[in-house]
Amino acid sequence: MRVTHVITRLIVGGAQENTIASVLGLQQKTGLQAHLISGPPVGSEGSLASAFAQSPQSLTIVPELIRPIHPWKDCLARRRLTQLFRAQRPDIVHTHSGKAGILGRLAAFDAGVPVIVHTIHGPSFGPFQGPVANCAFRSAERRAGKITTHFVVVADAMTRQYLAAGIGQPRQYTKILSGFPMEPFLSASNDTALRARWGIAPEDIVVGKIARLFKLKGHDDLFAIAPALVRACPRMKFLLVGDGPWRDRFTQCARSLKLENHFVFTGLVDPSEVPPLIGIMDMVTHLSLREGLARALPQALAAARPVVAYDCDGAGEVCRDNETGFLVRPGDLAGLTARLLQLAGDAALRERLGRQGRQSVREPFAVERMVDHLYALYVKLTGAGGTPSS
């Protein structure tokens, strides 16, 4: 069985880590050849292309496959993808992300690929953008949906949203959780030496956030409540893991609030550095307004750290109120402040929620389970002649 995955770009991010883990894991399955096609792996968010350093033949870069809409380059990218599919003759093309998801599926159809699968890592349309963009993306998704054999979703919320938009039928959807190597998170600890490296004292209460420094990730809300949090809990510090186009904006914001000593920016870090950083957090907050199911949530829980998240998309499927953390209505800054202070002042509560959270994600989010479920889906789809079954 030959499977070709397609993604827009290999920056540091959850969808990219999921895709790389899927391709590398599937390569270990007997009788399966897995390949990845990506656009240029560039951006302030960093590149994950080095994951293929030991098997460079498994990765093909298509320079024209870029994230912004660009009619001429988009046409070239579709043509190039079609050529690659005709040359590789995959049994399955499996696309990821918005641009690659549309162009990749159209190209796979043009090339006569028998099975076309698309993973919905997060919504392409919704209240986070204007009506014109929503109309355009919803129309594009409907068009691509008509030639899609099967959809993989990382959360039930994605199935509900896409079916409500008239994309596909219920029998075409399968949820496969976005797995990750579990052991580094299970062994994460509150390392005082690592805390000291980042200017964090043993007695500080650390609120962590793992996300690109960009719009829709909710950093603005955290900055808005930071003065009140610090007044109520002077030992509170905010550890922001990640980089992005809005880095300068947020560092300036910390200075203007006179809280530069309370905000710690790690900048771009290798994914292998994330588990130790979660280990020195007391809690993790996730405030994104557009996310299928952020890997930061189950990763925090695997490290036994409670989470406070906006009740958006699939967050509530792992952040269960007063069981693994607390859900807050998006934009409810008073509620967000109250929950973070509640956790800051109650070590026993943090321990209980973290312990329960670890138990809830330990098996479901194991990367081996994700790969096994993908493989089983591929066998099912190809065995049915490319016709999705219920």
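In the predicted model, Val6 of strand 1 has Thr95 in strand 4 as its bridge partner. This pair belongs to a parallel arrangement in which strand 1 (residues 2-7) is joined to strand 4 by 4 bridges. Strand 4 also pairs with strand 5, again in the parallel sense, over 5 bridges. Within this second pairing, Val93 lies opposite Ile116 of strand 5. The connection between strand 4 and strand 5 involves helix 3 (residues 98-110), and the three elements form a right-handed β-α-β unit.

The environment of strand 4 (residues 92-96) was examined residue by residue. Because 5 of its 5 residues are buried, strand 4 is largely enclosed by the rest of the structure. The side chains are divided between two directions: Ile92, His94 and His96 point one way, whereas Val93 and Thr95 point the other way, and all are buried. Thus both Val93, which stands opposite Ile116, and Thr95, the bridge partner of Val6, belong to the pair of residues that point the other way from Ile92, His94 and His96.

Burial is also found in helix 5 (residues 156-164), where Ala157, Met158, Thr159 and Tyr162 are buried. The elements that cover these residues include strand 5 (115-120), helix 4 (131-145), strand 6 (150-153) and strand 7 (173-175). Strand 5 therefore appears in two settings, as a parallel partner of strand 4 and as part of the cover over the buried residues of helix 5. Just after helix 5, Gly166 adopts a positive phi of about 80 degrees.A further element of the model is an open sheet of 6 strands, arranged in the order 10-9-8-11-12-13 with parallel pairing. Strand 10 (263-267) and strand 13 (325-328) occupy the edges of this sheet; each has a single partner strand, so one side of each is left without a neighbour in the sheet. From one strand to the next, the twist averages 20 degrees. Strand 11 (residues 283-286) and strand 12 (residues 307-310) run parallel and are joined by 3 bridges, with Val284 standing opposite Val307 in strand 12.

Helix 8 (residues 219-232) packs on this sheet, where it touches strand 8 (205-210), strand 9 (236-241), strand 10 and strand 12. The direction of helix 8 makes about 165 degrees with that of strand 9.

Technical notes
Residues numbered from 1 in each chain as written. Predicted model: local features only at pLDDT ≥ 70, side-chain atom pairs only at ≥ 80, totals over all residues. Heavy atoms only, no water. Buried < 20%, exposed > 50% of the residue type's maximum accessible area, 1.4 Å probe, protein only. Contact = heavy atoms within 4.5 Å. Pairing = 2+ DSSP bridges. Axes fitted to C-alpha atoms, helices over the stretch in contact; angles between N-to-C directions. Right-handed = clockwise from strand over helix to strand, strands pointing away.
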